[in-house]
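The following paragraphs lead the reader through a single protein model, from its pockets to its cores and then to a few chosen residues. Please keep the sequence and the structure in view while reading.

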Amino acid sequence: MAFFTVRDDTSLHAELLAISPWSATQVGGYAVCGALARAVEAEMADSGLSPLRFTVDLVKPVRSDGFTTRTTVVRRGPRMSVVDAAVVQDGEVRARATSVFVVPSDEPPGELWQSADPLPTPPEGADAVGPPLISSGHNAWSRDYRMHQNAGRKSAWQTFPPLVAGEDMTPFQRAVTMSETTSLVCHWGTEGAGFINTDATLALVRLPIGGSVGLRADSQVSSAGLSVGTATMFDRHGVVGHCTVTAIANARRQVDLGGII
């Protein structure tokens, strides 16, 4: 079980897990993000730098019948490197990413304000591979999505299978893949999900620990069919970083998540 298999040594082909809920012939944004993270991480292997920011532009739909990725090093320095990546299909860029990697260091002196809003606590034993567990409002964690098709504040907790068959999913791939789920926790309302992402940005202070990662919706604002959603990424040890998505209304293909149990 994996999101992709590799064929012809380089091309990635979508398995069922990577198929978009919006279209049976397209790759989901979460899987596209993961593929771009894999490409960037390979470029930065053994650099000693840590990922700080990763932004994906979902330029055009990515079909499920195979694509390749390519990377470009914009800057490679001793303290900071910038790497771009692209998903290429039929000779054109379908999605692109910009990443910033830096050298970790000691914290500066002094105290800073930090949010005291407590993080959600996923139940013990909830780390098996599968669809995301959801909590919403006063509704406890479950995969009975009928309970969560409401206007309550949502959180998600998920353990992923490998991104590519035969490869272990890395913490960075896990974080980037999960970041696109910000749209789910921010844009799932009483009638399902009606916004589709145009981009996703992940800002990391550290990589997630363990095989599971979570998101808690922090804000969502929309007007005239345009939306911005933000969420906190966390693991069982605390905050990992923050995610932002921008999205446009896609009511013509509204996804009724309440029908998924």
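In sorting residues by class, Ala, Val, Leu, Ile, Met, Phe, Trp, Tyr, Cys and Pro count as nonpolar, Asp, Glu, Lys and Arg as charged, and the others, Gly among them, as polar. Under this division, the lining of the largest pocket consists of 30 nonpolar, 12 polar and four charged residues. It should be said at once that the model is predicted.

The largest pocket has a volume of about 1,200 Å³. It is lined by 46 residues, of which Ile19, Ser20, Pro21, Gly28 and Tyr30 are the closest to its centre. Four elements give two or more residues to this lining, namely H1, strand S6 (92-102), helix H3 (182-187) and S12. The greatest share comes from S12, with four residues.

The second largest pocket holds about 500 Å³ of space. Its lining numbers 20 residues, and the closest to the centre are Trp113, Gln114, Ser115, Val239 and His242. Here the elements that give two or more residues are S13 and strand S15 (238-249); S15 gives the most, with four residues. By class, this second lining contains nine nonpolar, six polar and five charged residues.

From the pockets, attention may turn to the interior. The largest nonpolar core comprises 54 residues, and those with the most contacts inside it are Phe3, Phe4, Val27, Leu36, Phe54, Phe67 and Met233. Helix H1, which spans residues 29-43, gives the most to this core, with nine residues. Another core, of five residues, lies apart from it and includes Ala126, Leu133, Trp157 and Phe234. As for Val27, when neighbours within four places in sequence are left aside, this residue is in contact with Phe4, Ala14, Ala18, Ser20, Val32, Val62, Arg63, Ser64 and Phe67.

Helix H2, residues 171-179, is also mostly covered, with eight of its nine residues buried. Among the buried residues of H2 are Phe172, Arg174, Val176 and Met178.

Is Thr159 buried or exposed? This residue lies in strand S9, residues 154-159. Thr159 counts as buried because its relative accessibility is 8%, and buried means under 20%. Its side chain reaches the backbone oxygen of Asp127 at 3.1 Å. Beyond neighbours within four places in sequence, Thr159 is in contact with Ala126, Asp127, Ala128, Val129, Gly130, Gly211 and Ser212.

Arg206 offers a further case, in the loop between strand S12 (195-204) and strand S13 (212-223). At 25% relative accessibility, Arg206 counts as partly exposed, because that class lies between buried, under 20%, and exposed, over 50%. What does Arg206 touch, not counting residues up to four places away in sequence? The residues concerned are Asp235, His237, Gly238, Val239 and Val240. Two of the approaches involve backbone oxygens: a polar atom of the Arg206 side chain lies 3.4 Å from the backbone oxygen of Gly238, and the side chain also reaches the backbone oxygen of Val239 at 3.4 Å. Finally, Arg206 and Ser50 are 156 residues apart along the chain, yet their C-alpha atoms are separated by 7.9 Å.

Note on methods. Residues numbered from 1 in each chain as written. Predicted model: local features only at pLDDT ≥ 70, side-chain atom pairs only at ≥ 80, totals over all residues. Heavy atoms only, no water. Core = buried A, V, L, I, M, F, W, Y, C linked by side-chain atoms within 4.5 Å. Buried < 20%, exposed > 50% of the residue type's maximum accessible area, 1.4 Å probe, protein only. Contact = heavy atoms within 4.5 Å. Polar contact = N/O pair within 3.5 Å; in protein donor to acceptor, adjacent residues only side chain to side chain. 1 Å grid on protein atoms, 1.4 Å probe; cavity = no way out; pocket = protein on both sides within 12 Å on 5 of 7 lines; lining within 4 Å. Points joined across faces, edges and corners; volume = space filled by probe spheres on them.
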